[in-house]
Amino acid sequence: MKRRARDIEFRHLRCFVNAADHGSFRKAGSTMGVQQSSISRCICDLEDRLGTSLFHRHRSGVTLNRAGQQFLPRARQIIRGLDESLHAMAALGRSENGSIRVGIYSSIASGFLAELLCSFGDQHNHVQIELIDGNPEEHVAAIRRLKLDVAFLTGTRTWQECDSALMWSEGVFVVLPERHELAIRTAVDWRELSGEAFMVSKTAPGQEIYDYLVRKLADLSWHPDIHVQSVSRDNLLSLVAIGRGLTVVSEAMTVTNHPGVVFRPIKGERLPFSAIWSPNNDNPAFRRLLSMARTKAGSERSAAISEHLCGFEPHASPSQTRDLSQ
């Protein structure tokens, strides 16, 4: 059965273009690191599959005939397109390009996550990172559908069909108006806050903060006074500033400069954060980010242990925190 043009292989095009460029099967073979006879057989096979000759053959070498002249730009286009595709795939495998979708549930103003994203961006500046706010259930549902690569959530809960790893912890801070009587304190405890009115945002992570406040205040046999506001987290701080109530934030948000409010740590409270992802996610850029996050978390735990052994009082590491989300 006669072979058809669609059976042409990439090696045929490489041999043809090199022979056309050098005007010689021998020189083409030398460039490609093969024997002249291999180039000759490959060109003959190509011509057989096309059903036409491509070269005039003579003692001094070869020149393209009319069919060869028409075929050459098409062959170059195919080779160039494949080379570009292979380069793009190789770059993706090295995480030079690509994208990562990250679900967040805390501020990235400072702290572990901000530092992680900054370091990753320095090393892989061609990778696009999209940050998405949302509640844990939404993030995990998107992870299972591979619509989200990873989410950094509070707590150490095990999510079905997902892998997870404890990454870092942050202190919990109450946000007070500057004129509040507790603003002069360096730290406060829950009993001092039990009679206060609190506010949470309707948007994420408002529900999580609401549940957290209910648990902590109910432990003191105090009926929580918590109001849900349909504003962003930034505007929630403005409401605190004008005396409409208090709220709580994680440590990462305390570096923000918001007029009219102060941040005071709540004694003994630390909030663990975990990375959640799908074991079926083969995005190489995400895998690089996860590897960097694990390395950073391990380094910070080691540093905390070293400080403790040297007699310093370290910040609690992830392995030393209790899960405040349970």
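# A walk from His258 through the sheet to the helices

Start with His258, found in the loop between strand 9 and strand 10. Strands here are DSSP runs of E with at least two residues, helices are runs of H or I with at least four, and both are numbered from the N terminus. What you have open is a predicted model, in which local features need pLDDT of at least 70, side-chain atom pairs count only at pLDDT 80 or more, and totals for chains, interfaces and linings use all residues. Residues are numbered from 1 along each chain as its sequence is written, and side-chain values use heavy atoms, with hydrogens and water left out.

**Stop 1: around His258**

Is His258 buried or exposed? It is buried, at a relative accessible area of 16%; buried means under 20%, exposed over 50%, and partly exposed in between, using a 1.4 Å probe and protein chains only. Now show what surrounds it: skipping neighbours within four places in sequence, His258 is in contact with Asp234, Leu237 and Ser238. Contact means heavy atoms within 4.5 Å. If you draw a C-alpha to C-alpha distance from His258 to Asp234, you should get 8.4 Å, for a pair 24 residues apart in sequence.

**Stop 2: the six-stranded sheet**

Zoom out and colour the strands. An open sheet of six strands runs in the order 4-3-5-10-6-9, with mixed pairing; two strands pair if DSSP finds at least two bridges between them. Which strands stand at the edges? Strand 4 (128-133) and strand 9 (247-250) do, each with a single partner strand, so one side of each has no neighbour in the sheet. From one strand to the next, the twist averages 25 degrees. Angles run from 0 to 180 degrees between N-to-C directions, and axes are lines fitted to C-alpha atoms, for helices over the stretch in contact.

Stay at the strand 9 edge for a moment. Strand 6 (residues 163-177) pairs with strand 9 in the antiparallel sense over four bridges. Select Val172 and look across to its bridge partner in strand 9, Ser250.

Next, select helix 6 (residues 136-144), which packs on the sheet and touches strand 3, strand 4, strand 5 and strand 10. Its direction makes about 155 degrees with that of strand 5.

**Stop 3: strand 5**

Strand 5 covers residues 150-154, and five of its five residues are buried. Show the side chains: Val150, Phe152 and Thr154 point one way, while Ala151 and Leu153 point the other. In a regular strand the side chains alternate between the two faces of the sheet.

Keep Phe152 selected and look to both neighbouring strands. Ile104 stands opposite Phe152, and strand 3 (residues 99-104) pairs with strand 5 in the parallel sense over three bridges. In strand 10, the bridge partner of Phe152 is Ala275. Strand 10 (residues 261-277) runs antiparallel to strand 5, and four bridges join the two.

**Stop 4: helix 3 and its partners**

Head towards the N terminus and select helix 1 (residues 10-22) with helix 3 (residues 36-50). They pack at an angle of about 115 degrees, with axes 9 Å apart. Helix 1 and helix 3 are therefore roughly perpendicular to each other; the cut-offs are under 35 degrees for roughly parallel, over 145 for roughly antiparallel, 65 to 115 for roughly perpendicular, and oblique for the rest. Helix 1 brings Arg11, His12, Cys15 and Phe16 to the contact, and helix 3 brings Ile39, Cys42, Ile43, Asp45, Leu46 and Arg49. These residues divide into six nonpolar, one polar and three charged. Ala, Val, Leu, Ile, Met, Phe, Trp, Tyr, Cys and Pro count as nonpolar, Asp, Glu, Lys and Arg as charged, and the others, Gly among them, as polar.

Now swap helix 1 for helix 2 (residues 25-32), whose axis comes within 8 Å of that of helix 3 and crosses it at roughly 110 degrees. That makes helix 2 roughly perpendicular to helix 3. Phe25, Arg26, Ala28, Gly29 and Met32 in helix 2 meet Gln36, Ile39, Ser40 and Ile43 in helix 3. By class, that gives five nonpolar, three polar and one charged.

**Last stop: Thr63**

Finish on Thr63, which lies in strand 2 (residues 61-64). Thr63 is partly exposed, with a relative accessible area of 38%. Beyond residues up to four places away in sequence, Thr63 touches Leu54, Phe55, His56 and His58. Add Gly23 too: its C-alpha is 5.9 Å from that of Thr63, although the two are 40 residues apart along the chain.
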